[in-house]
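Hello,

Here is the structure I promised to pass on to you. Have a look at it first, and then read my notes below.

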Amino acid sequence: MAKNQVGYCSVFRDPASGRYQLWYQLYGGGCVVCYAESADGLAWTKPDLGLIEKKGIPERNIVLTSEDHYGASVVVDPAGDAASEPSE
């Protein structure tokens, strides 16, 4: 039986740098969203971000964690404008 499983992914190619960015869900002891990057979209590296530590998950590229949610996706706003964020 697999200890951690990968699910839902979002990929974005940064037009400024040409690098691919990947956010993916990792299940095992809760749900976390991790980050990886690639120059060619084939070979990926998982940077040591050191943002969140989660017991039972050795990866240091975690950007979001949740005990009871899944199906997270990342949407890139090319404008980067705070006015485009949804209101509550």
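A39 touches G18, R19 and Y20, leaving aside residues up to four places away in sequence. This alanine sits in the loop between β3 and β4, and A39 counts as exposed because its relative accessibility is 57%. Please keep in mind while you look around that this is a predicted model.

From A39 you can step across to Q21: the two are 18 residues apart along the chain, and their C-alpha atoms are separated by 9.0 Å. Q21 belongs to strand β2. Is Q21 buried or exposed? With a relative accessibility of 19%, Q21 counts as buried, since the limit for that word is under 20%. Setting aside residues up to four places away in sequence, Q21 touches S10, V11, F12, D14, Y35, A36 and W44. One of these neighbours, Y35, also shares a polar contact of 3.2 Å with Q21, side chain to side chain.

Y35 brings us to the aromatic rings. How many aromatic pairs does a search of the whole structure find? The search finds one. The partners are W23 and Y35, and their arrangement is tilted, with 5.4 Å from centre to centre and 55° between the planes. The pair links distant parts of the chain, as W23 is in strand β2 and Y35 is in strand β3, 12 residues apart. Both rings are buried: W23 has a relative accessibility of 14%, and Y35 has 9%. Another ring to look at is that of Y20, where R13 lies over the face at 5.8 Å from the ring centre.

Now for the charged side chains. As general background, side chains of opposite charge can pair when their charged atoms come close. The structure holds two salt bridges.

In one of them, the side chains of R19 and E37 meet, with 4.0 Å from N to O. R19 lies in the loop between β1 (5-13) and β2 (20-27), while E37 is in strand β3 (residues 31-38), so this salt bridge ties together parts that are 18 residues apart in sequence. R19 is partly exposed at 30% relative accessibility, and E37 is partly exposed too, with a relative accessible area of 23%. You have met R19 already, as one of the residues that A39 touches.

The other salt bridge is formed by D48 and R60, whose closest N and O atoms are 3.1 Å apart. Where do these two residues lie? Both D48 and R60 are in the loop between β3 and β4 (62-66), so the pair ties together parts that are 12 residues apart in sequence. D48 counts as exposed, at 57% relative accessibility, whereas R60 is partly exposed, with a relative accessible area of 33%.

Finally, a word on confidence. The mean pLDDT of the protein is 79, and 76% of its residues reach 70 or more. Which elements have the lowest and the highest mean pLDDT? Strand β1 has the lowest, at 81, and strand β3 has the highest, at 90. Where pLDDT is low, the predicted coordinates should not be read in detail.

If you would like a place to begin, try finding Q21 in strand β2 and then its polar contact with Y35. From there you can go on to the ring of W23, which pairs with Y35.

Happy exploring, and best wishes

Conventions: Residues numbered from 1 in each chain as written. Predicted model: local features only at pLDDT ≥ 70, side-chain atom pairs only at ≥ 80, totals over all residues. Heavy atoms only, no water. Helix = DSSP H or I, 4+ residues; strand = E, 2+ residues; numbered from the N terminus. Buried < 20%, exposed > 50% of the residue type's maximum accessible area, 1.4 Å probe, protein only. pLDDT = per-residue confidence, 0-100. Polar contact = N/O pair within 3.5 Å; in protein donor to acceptor, adjacent residues only side chain to side chain. Contact = heavy atoms within 4.5 Å. Phe/Tyr/Trp six-rings, centres within 6.5 Å; stacked < 30°, edge-to-face > 60°. Lys NZ or Arg CZ within 6 Å of the ring centre and 35° of its normal.
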